Every structure is written in C-alpha cells, then in structure tokens.
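The following exercises are to be worked through with the sequence and the structure at hand. Each task is followed by a solution in steps.

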Amino acid sequence: MPVSAAPLAPTAPPEAHAALRRVFGFETFRGVQEQVVARVLDGQSALAIMPTGAGKSLTYQLPATLLDGTCVVVSPLIALMHDQLRSARANGIAAAALTSVDADWRETVDAFRAGQLDLLYVAPERASQPAFRELLSEGRLALFAVDEAHCVSEWGHDFRPDYRLLRPLMDAFPAVPRLALTATADEHTRTDVLHQLGIPDEGMVVAGFDRPNIRYAVRHRQGVAAQLARLMEEQPGPGIIYAPTRKKVEDLAAGLAAASGRQVLPYHAGLPPEQRAANQAAFVASEDMVMVATIAFGMGIDKPDVRFVAHAGIPKSIEAYYQETGRAGRDGDPAQAVMFWGAGDFVQARQRLSEVEPARQAGERTRLDALAALVETHECRRALLLRHFGEDPPRTCGNCDNCLDPPGLTVVTELARKLLSAVYRTGQSFGFGHVQKVLTGASDERIVSRGHDKLSVFGIVEGDEARMLQPLSRALQARGALVATEHGGLALGGEARAILKGEASVTIARPVERQPRGDRRGGRRGSSTVPNPVGDPLFEALRDLRRALAKEAQVPPYVIFHDATLRDMAQAHPSTISELGEVPGIGAKKLEAYGDAFLAVIRQH
Ligand code: ADP
Ligand code: ZN
C-alpha cells in the first residue's frame, strides 16, 4: 500500500506516458513511479523510498528526457553508474559520466555545456568540488537526482561524509528540483535524509515494500553444499549465495562448481581487486552463473535477472536480509530467497554481542531477536517481514514456505522445561549431546563419572519426545533461552526464566525435514521458477540472438532485452516492425537497433 503525503500532481501528464512507451517500451508505471515522476515534472523535490527492483532509475531518467536541461545524477559507485549508463544509452537517452575511469571527459564536458546531455552521472567526491559547481553554472540543469540517498545520514548503514557536501551544491541552484532515492526503510534515516538534502516533508513518497515475485523460504542447515546444489538444479538462472566467511565462500564456490558443472565464482574482500572486478563482470554478463560471496558483494549490482539469493548462514539483521534478498528478481519474474540456518549461527551472533560497545548492545540484541523470530515463525514469512517495515500485510501470502506448506505444529513447553532443567542440573557446561544422553537415559562413562545418571532428569524423555529435543534446542538457542558457554557448552539464557516459571510457552514445527516441494501445492502467487518455455526452439533462437548481440555490443544480455520481452516476442509472433514494437519492453531506440534482427529470427519459425 503506497503511503504518501504528496498533495499535488498524483498523475503524470500525457507526455510522460508517451515517453514511458516510446523510450522504455513500458505500458504502465509501476507502483509509485508515476507519483514521483509527476512531482518532478512539476518542479518539486521528492524523496522516493522504493524497494530494490521497484524501478527507481526510471523516476529520474524519464523526466530527464522530457525536461529542458541536464539531470545530474549523484551515485556512490562507479560500477553502479556504468550499469545505469549502459541501460540508459541502450534506450537512446543521452547519458555520460564524469569519473576517474571515463576517458571521454572532454567530450562530456562539451556536451553538457552545449545542452546535449539528458543525464550526467557523477560521484559525490567530484560533485562536491568547486570545479564541478563551476561547470554546472555553465550549462542548464533540469534536476538533481541523488541515488542511494541514505548515504547522507549517519543513521543509515552506509554513511558517506561526501554526501553531506551535496546540500551546499544544490543550494547554489535553488530553482532546480531534487530527487533523492533510497531503498532504506528505517524511519529515522528517512527523516534525516529529508533534512540533510533540503527536501520538504511532504515530498516523501514511500512505495509498498512487498516483492511478490520473490518466494521466501527458511530451512535448517543440513549438509549445506548438497542443499545448495539442489537449489541450483531447481534454478538454472543466475544466483547469489551469501556465506559468512571468506573460507566458506572459497570452499562452497569450488564444491558447487564441481558438483553442478556451472560457472560458480567466489567474491570477497580478500581477493585481489582485479579478480573481484573480473568475477563481478562475469556475473553481470552471465545468464546462468552463481556467485558465492560475503556481504562485500552486492551494492552496485544492478543485475535484473538474478533468480535466487541464498544465505548459507544467518544475515546480520532483517534489514540486511531484505536488502540482500531484494537483489533477486528485479525483472519481476519469479525468484527465490532461501536461508539455511543453524543454531550455532545465533549462538555465535549472541556471543559477539558482548564485544559490541555497550551503547549499541540493546539495539543489536533487538535486531537479532527479530531475525530469530523470522527463522522460528510458523506463520507467513512475508507478513512478518512487511510488518517489520511498518506495513500491515494480509496474514498469508501464498508464496513463502510456511504458506505453501504449513508446518505441523506441536506445543513442547513441558519438554522445554525438562531440557532447561537438565542443562541447569548438569552444571551449564555440557554440550547438547551430553544433555540429550542424560535426558534420554543413555548412560556412558562420562555420565556415570559425573554422577549424572543419579540426577532427577536422567531418563525422563523417551520415544517421540526424544526426536524433538534437537529442533527444540535449536529453537531455544534462536530465541536466547539457551546460550553457549565459552567452551561450547549450553547454559541458560535470559529467556529461560519465563519458560521454567510457566509464563511462556514453546511451539515448534513437527520434526520432519521438509524437502522443497516444488510447486505441488501451486502457489497462489505463481511458481518459483521462471516460466521460460524451455526447449521452445523460437525462444531459444531469440536467446541465442540476444547473446550474440550482447557480445557484439559488450553489454550484458539483459541490456538488450529482458527474458519477459523475449517470451512475449515468442508468444506474439509479430510479423512486422510495428507489431514487434507493441511488445512490452521494446522502446523506439531498441526497435530501431535490433528490430530487424529479431524479426528475421521470428520469421524463420
Ligand atoms: P531499482 O533501482 O529500484 O532497484 P531499477 O531502476 O534497476 O530498480 O529497475 C528494476 C527493473 O525494473 C529494471 O530492469 C527496469 O527495466 C524494470 N522496470 C522499471 N520500471 C518499469 C515499468 N514501469 N514497467 C516494467 N518494468 C519496469
Ligand atoms: Zn507467506
């Protein structure tokens, strides 16, 4: 549900709709795009808060093609700028960048002065220099667009001091409207961005955060390499796997490459910069590669056809999780987000809390508890995520693991008490294995020598209940009722008290390892895999042509056309250029550049 306070111009003028069709080849605006575009065309400033994949770039690119003068786009990363530049140019938009790696500096400056540029991309370090301000005064400005605008706020997760210098620059051109863009959900940061960039409160436009095409699933980690290999079989398209450490990244990348025969490359901050850049470039260009990475990988990856994002361990927070998984399915086609977690992840994360400076501990603990709730919940994952971001979603979504395949639940409060008592009575220093033996009455030398076979908790758990001890222990660790000792034993945590006193109950999913069931239940939101007509000769031929054209133009295939556009082409089977132009995703420039080549292939089928 769009929540916006913008009082004026909620609909864009007809020329904006015409440009949407002509330049981008899209029939309709998505979500709040129209509202943002309308404001900007009206000469007003705005802060657009839209989730990753919602289509932020169109909200300044489209006005830039209509307004007189140049839109200056401030963007924090060169890679991000060049991605955008490529896509803009492919749509026939006059765009250039002024960065240290752009050789055509002179031409760009001249083109700007002559009023020939729609878009001028620049990094904040450069934007804040006097020479740049001087340059801007020599041309005509239509708009300031500030991408990743949360970087201006110390509250945001990526504070960049250079962003603070943008305000004085923009203040020097008071008549030029400002459009700030971010995917950050946090209330505090939003308000701060408005103030830091001098945008009026009523200029904030917030899109709904739902990403309905992403299917969320959380699974217990159990031989994660094999679990990931299975996911890769289900999803032949590009994917990202986040792993917690550099070593894990290297191991998984090597193992999965061998197991799948697909290209799987590592990415982490310990690799030489050239190799990182090369691996990233290979990923962006590929139609089936998997990148195994630490969280160092991500910002600045604008690849729309990522089909899955998997986590081989828990992310840092729900915010981080949403941002990382948001990299899947930007093109709107079905995509998957799968998290594989283990109790140890939470144990370690809670241990690390003590190393955090005291002032931040409470906040970090809250973040971790929210994440534990996501992992533990038996209800809709999407609903939990959206509520976290302040929305009021329906109770079920039909496109997450819990909605598609509701787990059988069982109340195990009594068993939880037994487990906690056993941990307490054995002295809060033994690992799960030992405690389990005590509870199930499996005597061994260690147990006898400590006299644990004489305890009142010895052998009080049997049969069915015994099978639930392990998942129960996981759940108790996730919620902090059990914590790890320095030597890997279990001890009671803060949450244990309420359970032991009978004030809190414990419910877990009945322990059967849930296998991915594919689409047996037919998700209401559709499938988790792209409906590409695999094996359809026309579709395959169109893909081949796209690949060849992409190679020739040295751009990733998606810059030519998205999969959805090729599917529509194959389905519509146009026989003339004007019929081809009707297919969504084909603007005038692309029709001119590629129309004949694609028509020729279609005619052969
Ligand atoms: P963001 O920057 O918000 O993550 P992008 O600007 O990269 O998103 O856009 C994501 C994808 O959505 C792009 O591939 C773009 O072509 C597509 N897109 C944007 N607007 C529309 C629209 N109105 N209709 C269809 N597709 C769109
Ligand atoms: Zn759901």
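**Exercise 1.** Is Cys-397 buried or exposed?

*Solution.* The structure is a predicted model. Step 1: the cut-off for a buried residue is under 20% relative accessible area. Step 2: the relative accessibility of Cys-397 is 7%. Step 3: Cys-397 therefore counts as buried, because 7% is under 20%. The value for Cys-400 is 0%, so Cys-400 is buried as well.

**Exercise 2.** Identify the protein donors of the zinc ion (ligand 2) and determine the geometry of its site.

*Solution.* Step 1: the SG atoms of Cys-380, Cys-397, Cys-400 and Cys-403 are the protein donors, at 2.3 to 2.4 Å from the zinc ion. Step 2: along the sequence, these donor residues follow the spacing C-x16-C-x2-C-x2-C. Step 3: four donors count as tetrahedral if all angles lie between 85 and 135 degrees. Step 4: the angles among the four donor atoms are 102 to 118 degrees, and the site is tetrahedral. For comparison, the ideal angle for four tetrahedral donors is 109.5 degrees.

**Exercise 3.** Describe the surroundings of ligand 1.

*Solution.* Step 1: there are 17 residues around ligand 1, and those that come nearest are Gln-33, Gly-53, Lys-56, Ser-57 and His-562. Step 2: oxygen atoms of ligand 1 have N or O atoms of the protein at 2.6 Å in the backbone of Gly-53, at 3.2 Å in the side chain of Arg-30, and at 3.5 Å in the backbone of Ala-54. Step 3: on its own, ligand 1 has 570 Å² of accessible area, of which the protein covers 83%. Step 4: the site of ligand 1 is the second largest pocket.

Key
Residues are numbered from 1 along each chain as its sequence is written. Chains are lettered from A and ligands numbered from 1 in the order in which they are written. This is a predicted model: local features need pLDDT of at least 70, side-chain atom pairs count only at pLDDT 80 or more; totals for chains, interfaces and linings use all residues. Side-chain values use heavy atoms; hydrogens and water are left out. Donors are N, O and S atoms within 2.8 Å of the metal (3.2 Å for Na, K and Ca); water is not among the atoms, so sites may look incomplete. Four donors count as tetrahedral if all angles lie between 85 and 135 degrees; four count as square planar and six as octahedral if opposite donors are over 155 degrees apart and all others between 65 and 115; anything else is irregular. Buried means under 20% relative accessible area, exposed over 50%, partly exposed in between (1.4 Å probe, protein chains only). A residue is near a molecule or strand if one of its heavy atoms lies within 4 Å of it. A polar contact is a pair of N or O atoms within 3.5 Å; within protein, one must be able to donate a hydrogen and the other to accept it, and residues adjacent in sequence count only if both atoms are side-chain atoms. Accessible areas come from the Shrake-Rupley method with a 1.4 Å probe; for residues, only the protein chains shown count as cover. On a 1 Å grid over the protein atoms alone, a cavity is a set of points where a 1.4 Å probe fits but cannot get out, and a pocket is an open set with protein on both sides within 12 Å along at least five of seven lines; lining residues have an atom within 4 Å of a point. A molecule sits in a cavity or pocket if more than half of its atoms lie within 2 Å of its grid points.
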